[in-house]
Amino acid sequence: MMRGECESCAVNRDLRARVLTTAREADPTLHQPPFDIAPALYARNVPRYYTILLRARQYAQTNNLVLHWNMARDVPLHRDDRDLPKDQLDQKRKRWLTFHDQQTAHIASQTPLAMNLPVRLTDSVDRRRGLFRGRRGRIVGWAPHPEEAPIIVDGERLLTKMTSVIYVYFPNAKWTIHKDLGEGVYPLTPVSRSWKLNRTSQTKVRRTGFSSFQTLLRQLI
């Protein structure tokens, strides 16, 4: 059928395509609205979570926004790790930040932050206010640490201190947490959980970070 179609039909069929080919992945129009926040489907979690970070970066670049990276904090619970020299312990912590968040009690190693970055809840946050899994919102601000001194890397800001609160606005919400926040703005705070570094020895690490941005919030839907 494709061999017998005319040139006009071939062009029209290409315009209606819903599955991307390798040849079209570099098409610059696919990085512009509305494709920058279009749903993306993946077969496996590891590439999906990695793509979440890449899409957050692409969203910031497309919309001329400054992207901030908020990093989780790991504290080893095993004495041998705690007693290591600081440089050796820091090397281990860097390696732990490369782990998939399914290994780290669903607390993400890196949380991308940018104004109006679209997000979606992947778990219930506040049932009384209707913040169930699947609810969509967008980041409207965050509260940096008072001693924050960000490191600038390729135009992006790596936060050296953990953000204390991330504010997410949910459209059509009729509730107000605080008058200073305005209607529909919900403050998300860090959580702490233990995760197993070694299942054989049962060695554990205590991680503090934003589960809400990997377990609860899925970037760029």
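Which residue in strand 5 is the bridge partner of R120? In this predicted model, the partner of R120 is R136. The pairing of strands that contains such bridges is described below, after the overall features of the chain.

The chain has 221 residues, 35% of which count as buried. Its secondary structure consists of 4 helices and 11 strands. Among contacts with a separation of 6 or more, 60% are between residues 24 or more positions apart. The accessible surface of the chain is about 13900 Å², and carbon and sulfur atoms contribute 52% of this area.

Strand 5 (residues 136-143) pairs with strand 4 (residues 118-120) in an antiparallel arrangement through 3 bridges. Strand 5 also runs antiparallel to strand 8 (residues 165-169), to which 5 bridges join it. Within strand 8, V168 stands opposite I139. Strand 5 is thus described by two pairings, one with strand 4 and one with strand 8.

A nonpolar patch on the surface is formed by I151, V153 and L158, whose accessible area together is about 220 Å². Of these residues, L158 is located in strand 7 (residues 156-158). L158 counts as partly exposed because its relative accessibility is 30%.

Salt bridges number 7 in the model. One of them is formed by D74 and R207, with the closest N and O atoms 2.7 Å apart. This pair links distant parts of the chain, since D74 belongs to strand 2 (residues 73-76) and R207 to strand 11 (residues 203-209), 133 residues apart. Both side-chain partners, D74 and R207, are buried.

A further salt bridge joins the side chains of K92 and D81, with an N to O distance of 2.7 Å. K92 lies in helix 4 (residues 86-96) and D81 in helix 3 (residues 79-82), and the two residues are 11 residues apart. The partners differ in burial class: K92 is partly exposed because its relative accessible area is 27%, whereas D81, at 7% relative accessibility, counts as buried.

Within helix 4, D90 and K86 lie 4 residues apart, about one turn of the helix. D90 and K86 form a salt bridge in which the closest N and O atoms are 2.8 Å apart. K86 is exposed, with a relative accessible area of 63%, while D90 is partly exposed at 23% relative accessibility. Salt bridges with shared partners connect K86, D90 and R93 into one network.

No disulfides were found, the count being 0. The sulfur atoms of C6 and C9 were examined in this respect. For C6, the closest cysteine sulfur is that of C9, at 3.3 Å, which is too far for a bond. The cut-off for a disulfide is 2.5 Å between cysteine sulfur atoms. For C9, the closest cysteine sulfur is in turn that of C6, and the 3.3 Å between them is therefore too far for a bond. C6 is partly exposed, with a relative accessible area of 40%, and C9 is likewise partly exposed, with a relative accessible area of 42%.

Conventions. Residues are numbered from 1 along each chain as its sequence is written. This is a predicted model: local features need pLDDT of at least 70, side-chain atom pairs count only at pLDDT 80 or more; totals for chains, interfaces and linings use all residues. Side-chain values use heavy atoms; hydrogens and water are left out. Buried means under 20% relative accessible area, exposed over 50%, partly exposed in between (1.4 Å probe, protein chains only). Contact means heavy atoms within 4.5 Å. Accessible areas come from the Shrake-Rupley method with a 1.4 Å probe; for residues, only the protein chains shown count as cover. Two strands pair if DSSP finds at least two bridges between them. Patches are made of residues with over 30% relative accessible area and no salt bridge: like charges are joined within 9 Å, nonpolar side chains (Val, Leu, Ile, Met, Phe, Trp, Tyr) within 5 Å. A salt bridge is a side-chain nitrogen of Lys or Arg within 4 Å of a carboxyl oxygen of Asp or Glu.
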